[in-house]
Amino acid sequence: MSPAVHAACLGLVAIDLAARAARIAWIARGIGARLSFRDAFVLNAWGDAASALTPLRLGGEPARLAGLLAAGVPAPAALAAIGVEVLAAWPVIIATMAPMIWHFAPEWWRTAAPAIAQGARDAWPWLAGIGLVTVATWIVARRYLHPVRQVEEPVRKALAHARALPVGTLLATVPLTLANLVCRTGVLVVLALSLPDAPPLGTLVVGSFALLYAQLVLPTPSGAGVVDFTFLVGGAGDFGARAAGVLVAWRFYTSGIGIVLGLGLGLLRLRTGATRRASPPSAPSR
């Protein structure tokens, strides 16, 4: 792949990060809390890393909540901001992708579905192993769901504080959510269309969306195993001998950068906090 392709993918990632940081900062300010763009960027990076590294993405929202609290946002406002962001984003995602999937689904069914079925038949032992790991991960993760459920009531109470959120604030998040959706889905499209024998556009769009958002319900971290198998057997189109390389690049841009940023910013925050605690207090001026 040419440097221009990687530059385009980095640009999409940068726009996505900026749009999501602006969205949560805008919502927090609409609720009445003060949140800078920098702090919003950091808390989203923490959430990206935690989501990618934990089963069922269980660590994502707690990490973002910790970022909001660390930025000085009160707990009720922090919970309300996260809840409003989710409730405002999903209708936009569904309204945008539903007609596109409806339009491109026949093309995907003709090109990708037979390849997935054939791949499942040819690699059934490996697929069975992935299934066992997935089920085991789901069982283990279920043991840790109870503490998460305990925050449901506080979340409902916190959302009551967000009822006074201006409608204009919610409407302003729509283009930011669209930017997030287009950029994340578009990474695979850019990678694929740079190839001389790229899969059909409809198959790419449906496959990219499915591979990304299936990770929300798959129990393994980042849908590891299931997503990779589906990609390699043609879930987003036939990439031929280039499939492994495209998969590695796609994983890097959609998950790897978030992990590196989140862990790096987290370590920087811990180091800064430790330095401040270790610094002796300054002498009072006369």
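Reader: Which residues does N180 touch, not counting residues up to four places away in sequence?
Author: First, a heads-up: this is a predicted model, so local features need pLDDT of at least 70, side-chain atom pairs count only at pLDDT 80 or more, and totals for chains, interfaces and linings use all residues. Residues are numbered from 1 along each chain as its sequence is written, and side-chain values use heavy atoms, with hydrogens and water left out. Contact means heavy atoms within 4.5 Å. Leaving out residues up to four places away in sequence, N180 touches D16, R20, R23 and Y213.

Reader: Which helix is N180 found in?
Author: Helices here are DSSP runs of H or I with at least four residues, strands are runs of E with at least two, and both are numbered from the N terminus. N180 sits within residues 167–193, which form helix α8.

Reader: Does N180 count as buried or exposed?
Author: The cut-offs are under 20% relative accessible area for buried, over 50% for exposed, and partly exposed in between (1.4 Å probe, protein chains only). N180 comes in at 7% relative accessibility, so it counts as buried.

Reader: What polar contact joins the side chains of N180 and D16?
Author: A polar contact is a pair of N or O atoms within 3.5 Å; within protein, one must be able to donate a hydrogen and the other to accept it, and residues adjacent in sequence count only if both atoms are side-chain atoms. D16 is also one of the residues that N180 touches. The polar contact joining their side chains is 2.6 Å.

Reader: Zooming out, how many helices and strands does the protein chain have?
Author: Reading from the N terminus on, you meet α-α-α-α-α-α-α-α-α-α-α. That comes to 11 helices and 0 strands.

Reader: What share of the residues of the protein chain count as buried?
Author: The chain has 286 residues to sort. N180, at 7% relative accessibility, counts as buried. For the protein chain, the buried share is 42%.

Reader: Where is S222 found?
Author: Phi of S222 is near 60°, a positive value in a residue other than glycine. S222 is buried too, as its relative accessible area is 9%. Its place is the loop between α9 (201–213) and α10 (226–232).

Reader: Which residues is T134 in contact with, leaving aside its neighbours within four places in sequence?
Author: T134 lies in helix α5, residues 124–142, and counts as buried because its relative accessibility is 14%. Its C-alpha atom is 8.9 Å from that of G223, although the two are 89 residues apart along the chain. With those sequence neighbours set aside, T134 is in contact with P219, T220 and V226.

Reader: And D228, leaving aside its neighbours within four places in sequence: which residues is it in contact with?
Author: D228 is found in helix α10. At 18% relative accessibility, D228 counts as buried. Apart from those neighbours, D228 is in contact with G223, L247 and R251.

Reader: Which helix gives the most to the lining of the largest cavity?
Author: On a 1 Å grid over the protein atoms alone, a cavity is a set of points where a 1.4 Å probe fits but cannot get out, and lining residues have an atom within 4 Å of a point. The lining consists of D39, V42, L43, W46, G67, A70, A71 and R269. Both α2 (37–53) and α3 (60–70) supply at least two residues of it. With 4 residues, the top giver is α2.

Note on methods. On a 1 Å grid over the protein atoms alone, a cavity is a set of points where a 1.4 Å probe fits but cannot get out, and a pocket is an open set with protein on both sides within 12 Å along at least five of seven lines; lining residues have an atom within 4 Å of a point.
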